[in-house]
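Open the structure in your viewer and keep the selection tool at hand. This tour goes stop by stop, saying what to select and what is there.

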Amino acid sequence: MLALLFILFAGMAIGCALAVVAQRNPLYSAISLIGVFISLACLYVTLAAPFIAAVQVIVYAGAIMVLVVFVIMLLNIEQEEHRRTRLKFLVPVAIGLSAVLIAEVAFILVTVQEFRVNQSATTSDVGLTHSIGASLFTRYLLPFEITSILLLMAIVGAMTLARRGGLLSSGARVVPGASVFPMSMVNPNAEPDDLRPVEADTTDEAARLLGVTRIRDYSDRD
Amino acid sequence: MEPQLSWYLALSAILFTIGVTGVIIKRNVIAMFMCIEMMLNAVNLTFVAFASFFQDVTGQLFVFIVMTVAAAEAAVGLGIIIAIFRNRESLDVDDASILKL
């Protein structure tokens, strides 16, 4: 029975994993990857690890994949374009490395001795939440705290990366609507402390007043 | 017939191999990122399999920590991807061949 379940979920996992690599559209890859995660969570249940299975579904298939799909949608990427020739040699490299790894799998399956499970473990609480929590807060407290620091660093890093820079890039859009600039900013011949207001009603007008060359036009994107 | 430990190790190796192949073949940054996540999951499967077969909770704790690292990696990695896309208008890794945003 367990063997049947293993074969079912392992087949699902391998099929979805192949689909992740084979799909050209990243969104379809992401959905296949969710299939991999779900079938792995089912395998965790058959391995008597219900907590890890739940966390797998919640964190991986839930949070991380939502983030990935969100970015895919946000960037609005279409399918991969035609393959350029420069990196063509990587395909045989990948196939060769995969062959080596598959050979290792065959080696494991053929030669490694089967590990005998002592089946006195019917009352085992290894995978249950309370045993994991007890170990996490006693013996493995240091990795737990380091993990919290890592998450803090990830928050700060993600914010720093995603924030727009303070400088106005050449393609940047001046905020639409009525903008008011001091005369000293608009007219290079004005006195430096000339703060008489100059009003611009449109983006183009503001850009022209400020001397910003709008290299790229984003108006067709939204 | 019960599933043996070596079955899980073999499945994990196969998933890891598929992930490696994807990282080498794919040129879309997000697709490579997803293949890396798949490799992390393959390693998680070995941890859980060993934890279950040796009746030791340590393996599952490592899976927990690997998941945290994967979440942090997802946040920072997708931030980098968005920053690269904003500057280069492309997600092709060949276009981002210098370590400069």
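The stops below run from one whole chain to the contact between two chains, and then to single residues. Keep in mind that this is a predicted model.

**Stop 1: chain A as a whole**

Select chain A and colour it by secondary structure. Eight helices and two strands make up its secondary structure. Follow the chain along the sequence and the order reads α-α-α-α-α-α-β-α-β-α. Now colour by burial. Of the 222 residues in chain A, 18% are buried. Turn to the contacts within the chain. Among those with a separation of 6 or more, 47% join residues 24 or more positions apart.

**Stop 2: the two domains of chain A**

Select residues 1-78 of chain A for domain 1, then residues 179-210 for domain 2. How far apart do the C-alpha centres of these two domains lie? The answer is 55 Å.

**Stop 3: where chain B touches chain A**

Show both chains. On the chain B side, 61 residues are in contact, and they meet 71 residues of chain A. Three elements of chain B each give two or more residues to this side: α1 (5-25), α2 (29-54) and α3 (58-88). Which of them gives the largest share? It is α3(B), with 21 residues. Colour this side of chain B by residue class. There are 44 nonpolar, 12 polar and five charged residues.

**Stop 4: α3 against α3**

Select residues 50-75 of chain A, which form helix α3(A), and add α3(B). Two numbers describe packed helices: the angle between their axes and the distance between the axes. Here the angle is about 5° and the axes are 11 Å apart. Angles under 35 degrees count as roughly parallel, so α3(A) and α3(B) are roughly parallel to each other.

Show the side chains at this contact. From α3(A), select residues including Ile52(A), Val59(A), Ile64(A), Val68(A) and Leu75(A). From α3(B), residues including Gln60(B), Phe64(B), Ala71(B), Leu78(B) and Phe85(B) take part. By class, the contact has 20 nonpolar residues, one polar and no charged.

**Stop 5: α1 of chain A against α2 of chain B**

Move to residues 2-22 of chain A, helix α1(A), and select α2(B) with it. Their axes lie 10 Å apart, at an angle of about 155°. Do these helices run roughly parallel or roughly antiparallel, and why? Angles over 145 degrees count as roughly antiparallel, and α1(A) and α2(B) are therefore roughly antiparallel. The crossing of α1(A) past α2(B) is left-handed.

Select Ala17(A), Val20(A) and Val21(A) on α1(A). They meet Met34(B), Cys35(B) and Met38(B) on α2(B). This contact has six nonpolar residues, no polar and no charged.

**Stop 6: Val36(A)**

Go to Val36(A), in helix α2 of chain A. Is Val36(A) buried or exposed? Val36(A) is buried, because 28 other C-beta atoms lie within 10 Å and the cut-off is 20 or more. Leaving out residues up to four places away in sequence, Val36(A) touches Ala13(A), Cys16(A), Ala17(A) and Val20(A). From chain B, Val36(A) also touches Met38(B) and Asn41(B). Now draw a distance to Phe70(A), 34 residues apart from Val36(A) along the chain. The C-alpha atoms of the pair are separated by 19 Å.

**Stop 7: Ile38(A)**

Stay in helix α2 of chain A, residues 26-46, and select Ile38(A). With 19 other C-beta atoms within 10 Å, Ile38(A) is partly exposed, because buried residues need 20 or more. Beyond four places in sequence, Ile38(A) is in contact with Val57(A) and Ala61(A). Add Phe9(A), 29 residues apart from Ile38(A) in sequence. The C-alpha to C-alpha distance between Ile38(A) and Phe9(A) is 9.0 Å.

**Stop 8: two loops with positive phi**

Most residues other than glycine have a negative phi. Select Ala48(A), in the loop between α2 and α3 of chain A. The phi of Ala48(A) is positive, near 60°. Ala48(A) is buried, with 20 other C-beta atoms within 10 Å.

Then select Gln55(B), in the loop between α2 and α3 of chain B. The phi of Gln55(B) is also positive, near 55°. Gln55(B) is partly exposed, with 15 other C-beta atoms within 10 Å.

Note on methods:
Residues numbered from 1 in each chain as written. Chains lettered and ligands numbered in written order. Predicted model: local features only at pLDDT ≥ 70, side-chain atom pairs only at ≥ 80, totals over all residues. Helix = DSSP H or I, 4+ residues; strand = E, 2+ residues; numbered from the N terminus. Buried ≥ 20, exposed ≤ 12 C-beta atoms within 10 Å, placed from the backbone. Contact = placed C-beta atoms within 7 Å. Domains from an automatic or database assignment. Nonpolar A, V, L, I, M, F, W, Y, C, P; charged D, E, K, R; others polar. Axes fitted to C-alpha atoms, helices over the stretch in contact; angles between N-to-C directions. Parallel < 35°, antiparallel > 145°, perpendicular 65-115°, else oblique. Left-handed = near helix turned anticlockwise from the far one by under 90°.
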